[in-house]
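Reader: I should be grateful for a close look at a single part of this structure. Please describe one strand, its partners and its surroundings, in a connected account.

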Amino acid sequence: MTEIPIQLARDRAWPLVERLNAALEAGEIDEAQWHRELAAVIVPAYLAGENPRAQSGSSGDDADWAHKRGLIADAVDRSGAFLDVGCASGYLMETLGRWCQNRGHVLEPYGLDIAPELADLARRRLPHWKERIFVGNAINWVPPRRFDFVRTGLEYVPPRRQRDLVVRLLRDVVAADGRLIIGTYSEERDETRAEPSEEERVAQWGFVIAGRSERPHLSDARLVYRVFWIDQ
Ligand SMILES: C[S@@+](CC[C@H](N)C(=O)[O-])C[C@H]1O[C@@H](n2cnc3c(N)ncnc32)[C@H](O)[C@@H]1O
C-alpha cells in the first residue's frame with residue numbers, strides 16, 4: 001500500500017495552507033484573505049458534518065474523539081474558566097468539561113471562533129452557553145474577561161503571526177496565573193522528524209514550556225497527537 005505524504009496525514013488542508021502561505025509571503029493576498037480562503041473551505045465542510053465531532057473537523061466515533069482530544073485534560077490541573085479558541089461546534093467545550101470533572105476539576109467553558117456560522121452552530125447546540133460563545137479572530141479579539149485555561153492551535157494564523165498569537169493570548173486573554181494550552185495536533189515522531197517540533201519552535205521564541213502530553217496516532221504509525229502548555 002502506498003503511504004500518503006506525511007504532511008497530508010498530519011493535516012488534510014495542507015495543500016491549501018501551503019498555497020495560501022506562499023501567496024501571503026509573495027504579497028498576492030493579505031492576512032484577511034488568508035483567513036477568508038481557509039474559512040471558505042472549513043465552514044461548509046464542518047456545517048455538512050452529521051455529528052458534533054465532524055462539525056469540529058474530526059472524523060471517527062466518540063471513543064476516537066476522547067483519544068484524540070482527551071490529552072488536553074492533562075493540561076488542566078485545577079478548576080477554572082476554559083476558553084477554546086477555534087471552538088467550531090463547541091464539542092470540545094462540552095467534552096473537556098466532562099473529562100476534567102472525572103479528575104475532580106470543574107471547568108466553566110467558553111468558546112471563540114472566527115467563523116460566525118460555526119459560532120452560531122455552537123450556540124444552537126449549546127443554548128445554555130450562548131452568551132459564552134464569541135466571534136472573532138484570536139490574533140486581535142478583545143476578550144470580555146480573562147480565562148484560567150486558554151487552548152489554541154498555532155495553525156489558526158499564518159506562520160509569520162504564530163509567535164504574535166502566543167504573545168497576545170498570554171498578554172491579553174490568559175489570566176494572571178493561567179495557562180496557555182497549544183494543541184492538539186498531529187506531529188511526526190521524534191525519531192524520524194527532521195524539522196524542529198512545534199514545542200521546540202515555541203521554546204526557541206523564548207517561552208518556557210511547563211508541560212506536555214502525547215498519545216499514539218489512531219491511523220498513522222508515523223505520527224503522534226501532541227499538546228503542550230505555557231504558564232503565565
Ligand atoms: C479544527 S477546529 C477545532 C475544533 C475544536 N476546538 C478542537 O480542538 O477539536 C478549528 C476551528 O478554529 C477556527 N479558527 C481558525 N482560525 C481562527 C482564528 N484565527 N481565530 C479564531 N478561530 C479560528 C475555525 O473556524 C475552526 O472552527
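Author: T184 has its place in strand β5, in what is a predicted model. A cis peptide bond joins G183 to T184, with omega about 10 degrees. The strand that holds T184 spans residues 174-188 and is mostly covered, since 12 of the 15 residues of β5 are buried.

The partners of β5 may be taken in turn. With β4, strand β5 runs parallel, and five bridges join the two. Among the facing residues, F147 stands opposite V174 in β5, and F149 stands opposite R179 in β5. Between these two strands the chain passes through helix α7 (residues 162-172), going from β4 to β5, and this β-α-β crossover is right-handed. With β7, by contrast, β5 runs antiparallel, and nine bridges join the pair. There, I181 of β5 stands opposite W229 in β7.

How enclosed is the parallel neighbour, β4? Six of the six residues of β4 (residues 147-152) are buried, so this strand is largely enclosed by the rest of the structure. Strand β4 also pairs with β1 (residues 80-85), again in the parallel sense, over three bridges. One of the facing pairs there is D84 with R151, the latter lying in β4.

The helix of the crossover deserves its own note. In α7, residues Q162, L165, V166, R168, L169 and L170 are buried. An α-helix has 3.6 residues a turn, so residues three or four places apart point the same way. The buried residues of α7 are covered by elements that include β4, β5, α8 and β7.

These elements meet again in the nonpolar interior. The largest nonpolar core has 27 residues, and those with the most contacts inside it are L83, F147, V150, V166, L180 and I230. Two or more residues of this core come from each of β1, β2 (107-113), β4, α7, β5 and β7 (223-231). Apart from this core lies another, of 18 residues, which includes V76, L96, I181 and W229. The facing residues I181 and W229 are thus both among the members of that other core. In soluble globular proteins, nonpolar side chains tend to be buried together.

For L83, one of the residues with the most contacts in the largest core, the surroundings can be listed. Leaving aside residues up to four places away in sequence, L83 touches Y110, G111, L112, W141, F147, F149, V150, R151 and V173. Included here is F149, the residue opposite R179 in β5, as well as F147, which stands opposite V174.

A further feature on the side of β1 concerns the backbone. A88 lies in the loop between β1 and α5 (91-102). Phi of A88 is near 50 degrees, a positive value in a residue other than glycine. A88 has a relative accessible area of 5% and is therefore buried.

Strand β5 also contributes to an open space. The second largest pocket holds about 160 Å³. Its lining comprises 14 residues, with D190, S197, E199, R212 and R226 nearest the centre. The elements giving two or more residues to this lining are β5, α8 (198-204), β6 (211-216) and β7. Strands β5 and β7, which are joined by nine bridges, therefore appear both in this lining and among the contributors to the largest core.

Terms used. Residues are numbered from 1 along each chain as its sequence is written. This is a predicted model: local features need pLDDT of at least 70, side-chain atom pairs count only at pLDDT 80 or more; totals for chains, interfaces and linings use all residues. Side-chain values use heavy atoms; hydrogens and water are left out. Buried means under 20% relative accessible area, exposed over 50%, partly exposed in between (1.4 Å probe, protein chains only). Helices (H or I, at least four residues) and strands (E, at least two) are DSSP runs, numbered from the N terminus. Two strands pair if DSSP finds at least two bridges between them. A crossover is right-handed if, with the strands pointing away from the viewer, the path from the first strand over the helix to the second runs clockwise. A nonpolar core is a set of buried Ala, Val, Leu, Ile, Met, Phe, Trp, Tyr and Cys residues joined through side-chain atoms within 4.5 Å. Contact means heavy atoms within 4.5 Å. On a 1 Å grid over the protein atoms alone, a cavity is a set of points where a 1.4 Å probe fits but cannot get out, and a pocket is an open set with protein on both sides within 12 Å along at least five of seven lines; lining residues have an atom within 4 Å of a point. Grid points are joined across faces, edges and corners, and a volume is the space filled by probe spheres set on the points.
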